[in-house]
Amino acid sequence: MVAVAAIIVLAFAVSGRASSSLIEVNRRRHSYLLGERFGIKSNSMISYEGVYFGYAPNWSPRVTMAELNEATGQRGATYNVYSQITQENVDSGSYDGNYQYRVDDIISSGAVLIASLMPKVNWEDITPQLCDSIAAYFNETFTSQGLTVWLRYAHEMNYYADPNVEVYPGGRDYDAFKQSWRTLYDATRPNNQIHMFWSPNKDTDTEPAAPWWPGSEYVDIVGMDYYPEADDLPDFGTAYGQFYDTYAKGYGLPFAIAETGTQLNGSAASTEKKEQWLKNVINPAKGFGEYAQWYFSCTWFEYGPPANEIDFYVVYNQTAEVIEKTISNTESGA
C-alpha cells in the first residue's frame with residue numbers, strides 16, 4: 001500500500017512538472033509565433049519568459065548593434081532609431097531618411113527596425129504625398145532587403161505635444177493627429193513588412209493616451225514608454241497593466257515595450273537597479289501570467305552621455321560582470 005501511494009505521489013509530481021513544462025512550451029511557441037508574424041528573427045535574444053529583447057543604441061557616442069551583439073554573444077531582436085520629419089521634407093513632399101539611419105548596421109543586424117518617426121511639423125503637413133514617400137523610403141531601404149519595420153510614428157505624442165515641451169508643433173489637435181496617422185497607415189498598408197506601432201508615453205490623468213487613439217483598425221502593435229524612478233520600481237502589472245488591458249487585451253493587439261530604462265531623480269540609477277528593472281520587464285520571478293498572451297517584445301534605451309544626460313547602459317561600456325547580469329535573463333544567458 002505504501003509502495004502504491006508512493007507511485008501515485010510520484011505520478012502526480014511528474015504530471016505536475018509535465019503540465020508546467022507544457023504551459024511553458026505553449027507560452028514560448030506563442031511568443032515565437034507573434035515574433036515571426038511581426039518580423040523578429042527566430043535566433044534573436046529572448047528571455048526565459050519568452051519576451052524578445054533589443055536596444056535603442058546611442059548615436060553619440062555611436063553605438064552599433066554589431067558591438068552590442070558581440071558583447072552579449074546574442075542577436076538583439078529590435079533596433080530603435082529616432083528620426084524627424086522636417087519642414088524640408090514637407091516643402092519637397094518627400095522623405096529620404098534625412099541621413100539618420102545607420103543602414104549597413106541595421107541591415108546586417110537582421111533586427112526589426114523600430115523607426116521612431118517624430119513629426120517636427122504640423123499634423124496637417126503629413127500629406128498623402130509625403131506619406132507615400134515615407135512608405136517608399138522604408139520599402140526601398142529596408143523591407144526590400146528582408147527587414148521588417150515597426151513604424152512608431154509620433155511616439156510619446158501625449159507628452160511631446162504638450163505646448164510646454166514643444167517637440168510636436170501640431171500640439172493637442174487630436175483629430176488632426178489621428179488623420180495624419182491614418183494617412184500614413186493607408187500609405188504603408190500595401191507593404192506587409194511595415195507595421196504601425198502606436199506608442200504613447202506613460203498614460204496619466206494629466207497626459208492621457210485615450211484622446212490619441214487612432215482606432216484599432218489603424219494599429220498593428222501597441223506599447224507604452226515608461227521610465228520608473230529606481231527607488232520605487234513597480235512590477236510589470238503595476239507599470240503596464242491598465243494600458244495593456246485597455247489596448248492589447250481589449251483590442252487583441254500585440255504589446256511591445258519600445259523603450260524603457262530606469263533613473264533616479266534625473267540622474268543615473270545604480271547598476272543593481274537597472275538590472276532589477278530589466279528583470280521586471282523581461283523575466284520576473286513570478287512570470288507574466290495573464291500578460292503573457294500579447295506581450296512579446298521589449299527594447300532597452302541603451303543611451304548615455306553626451307547624447308543623453310542620464311546613463312541607461314546595461315551593455316555598452318559595461319564590465320563583463322554587468323553584461324553577464326543582463327544576459328542571465330535570456331535563454332542563451334548564464
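**Exercise 1. Work out how α8 and α9 sit against each other, and say which residues touch.**

Start with the verdict: α8 and α9 are oblique to each other, because angles under 35 degrees count as roughly parallel, over 145 as roughly antiparallel, 65 to 115 as roughly perpendicular and the rest as oblique. A word on what you're looking at: this is a predicted model, where local features need pLDDT of at least 70, side-chain atom pairs count only at pLDDT 80 or more, and totals for chains, interfaces and linings use all residues. Residues are numbered from 1 along each chain as its sequence is written, and side-chain values use heavy atoms, with hydrogens and water left out.

Step 1: find the helices. α8 covers residues 236-249 and α9 covers residues 271-282; helices (H or I, at least four residues) and strands (E, at least two) are DSSP runs, numbered from the N terminus.

Step 2: get the geometry. The two axes cross at roughly 45° and come within 9 Å. Axes here are lines fitted to C-alpha atoms, for helices over the stretch in contact, and angles run from 0 to 180 degrees between N-to-C directions.

Step 3: get the hand. This crossing is right-handed, meaning the near helix is turned clockwise from the far one by less than a right angle (anticlockwise would be left-handed).

Step 4: list the touching residues. Phe236, Ala239 and Tyr240 of α8 make the contact with Trp277, Asn280 and Val281 of α9, where contact means heavy atoms within 4.5 Å. Sorted by class, that's 5 nonpolar, 1 polar and no charged residues. (Ala, Val, Leu, Ile, Met, Phe, Trp, Tyr, Cys and Pro count as nonpolar, Asp, Glu, Lys and Arg as charged, and the others, Gly among them, as polar.)

**Exercise 2. Now do the same for α9 and α10.**

Step 1: α10 spans residues 320-327, and its axis lies 10 Å from that of α9, at an angle of about 20°. That makes α9 roughly parallel to α10.

Step 2: the crossing of α9 and α10 is right-handed.

Step 3: from α9, Thr271, Glu272, Glu275 and Leu278 meet Val322, Lys325 and Thr326 of α10. The class count for this contact is 2 nonpolar, 2 polar and 3 charged residues.

**Exercise 3. Repeat it for α5 and α7.**

Step 1: α5 (residues 128-141) and α7 have axes that come within 8 Å and cross at roughly 45°. So α5 is oblique to α7.

Step 2: α5 passes α7 in a right-handed crossing.

Step 3: Pro128, Cys131, Asp132, Ile134 and Ala135 of α5 meet Thr183, Leu184, Ala187 and Thr188 of α7. These residues split into 6 nonpolar, 2 polar and 1 charged.

**Exercise 4. Hunt down the unusual backbone spots in the loops.**

Step 1: look at Ser60 and Pro61, which are joined by a cis peptide bond with omega about 5°. Pro61 is in the loop between β1 (52-57) and α2 (65-72).

Step 2: Pro305 and Pro306 are also joined by a cis peptide bond, with omega about 0°. Pro306 lies in the loop between β10 (295-302) and α10.

Step 3: check phi at Glu166. Its phi is positive, about 60°, although Glu166 is not a glycine. You'll find Glu166 in the loop between α6 and α7 (174-188).
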